[in-house]
Amino acid sequence: MRRNDENIIKQLQELRRIEPDIGYVRDSRRLVLASRNAPLSRQGIFAGITQSLNFAFETALVAALFLVVILGGVFGLSKSFFLPALQGIDEKALVTEADAINYDIHLKLDEIAYFGNHKTSTERVVALDARRIESGREGLPLTETLTDQEIDKLLNRVINGY
Amino acid sequence: MNRLKKVIFAVGIAAPLMGALLLGIEPVLAVGPSSTIVSAETSASLAPEEKLSKAKEDLTKALDLSLKKVDSLRSRLDELNFPELSREEELKNEALSNLDAYTDYYGKAKEDLEKKNSLEEVKNLAKDVKEHRDTIYTPGVEEIVRFVLVFYNEDVLGTANDRLSKIETDVKKLDKLGVIKEANFRGKLDDADKLLQKAATLQGGAKEIILSATSTDLMKERKPSAKEMIENSLNNIKSVYTIFLELNQAVKKALGL
């Protein structure tokens, strides 16, 4: 019995000298060291990718909306810049020309009317006044026509007024 | 055409002048009508010397204005250039010599006025001037105005035709780009074209009468007269510009501008 105990003790003492296999030690060390720089777990990688994509998508969406708003506004405001040169319907030139021609024709028509059907100066003065009142342009000077009317009025005044 | 451009430029200058007139600043040729208003009461209360002085003043003013008016007509005629020995040139020279005669008449009347010492004499001179105006000057000036206006009408017609072809080009260009449909504007473009054709016929008719007529023919007015033809032609051109402005608005609306 005593002998058995001694054997057991001896075996246990031998067990103290047990060492891991060199290959196992090397592999285990490698695994431990590598685990520090190891990539995220598979689930972590997918989450990262999704997160990045979401951010990129959101940024792109905001940028696209921003562009639509800006370009839309610019296009709306400056549509005419994209049109070819329009000489005929150019508003400024057309309105200036129309105003000038209408004003000038109006003066010429007054001139024609003054010398029109009335042969004497008195008739002409009365007719021109009537025409101006009728057309609502009493206050407007009629340049040359007015000069003729003034001459006729002055002559009538010298003859009848003093 | 150059003359019309000058006219367009002149209108730009005329606007401030009009403003000046309305504000009471008197330019060289135009005269404010208020200056002629003298009531019977005021003139009755004047002493005989004052009446004479006022009458002389008025007659002098009338003669000065007449001389300025003649000069102004001369300038308008001088702006017209015609080929040598043409009928137009002949009529222009005839008109210029008539204007010279009017200048002589008014100049002589001014000299006579200085010698007048009584109101009766001044009144008689004024009657002579009025008689001359009614029988010689006015028919002559009427003829000159008609002559000048028929060529003005030709110029303004050219400008309106140019504008119509430019507008038609624009409409065709925009139709090609697919931004408007030419057919939607065709009606107004055709209306403008018809009015301009009518205006040209009237102007041509007036010009023919003026160039072919002798002074005796002009006294016996034909119907429609050259004056009526010019008047109608110019009114047509005015209507055409109203159509042009409507077209401008319609095209802008179609483009969403």
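What pattern does chain B follow when you read along the sequence? Chain B runs α-α-α-α-α-α-α-α, and chain A reads α-α-α-α-α-α-α. Here a helix is a DSSP run of H or I with at least four residues, a strand is a run of E with at least two, and both are numbered from the N terminus.

Keep in mind that this is a predicted model, where local features need pLDDT of at least 70 and side-chain atom pairs count only at pLDDT 80 or more, while totals for chains, interfaces and linings use all residues. Residues are numbered from 1 along each chain as its sequence is written, and chains are lettered from A and ligands numbered from 1 in the order in which they are written.

Here are the two chains side by side.

| Chain | Helices | Strands | Residues | Buried |
|---|---|---|---|---|
| A | 7 helices | 0 strands | 162 residues | 22% |
| B | 8 helices | 0 strands | 257 residues | 31% |

"Buried" has a set cut-off: 20 or more other C-beta atoms within 10 Å of the residue's own, with 12 or fewer counting as exposed, anything in between as partly exposed, and C-beta atoms placed from the backbone.

Now for confidence. The model comes in at ipTM 0.74 and pTM 0.66. On pLDDT (the predictor's confidence in each residue, from 0 to 100), chain B averages 85, and 80% of its residues score at least 70. Residues 14-37 of chain B are below 50, though this stretch still has 29 contacts in the model beyond near neighbours in sequence. A contact means two C-beta atoms, placed from the backbone, within 7 Å.

As for reach along the sequence, 76% of the chain B contacts with a separation of 6 or more link residues 24 or more positions apart.
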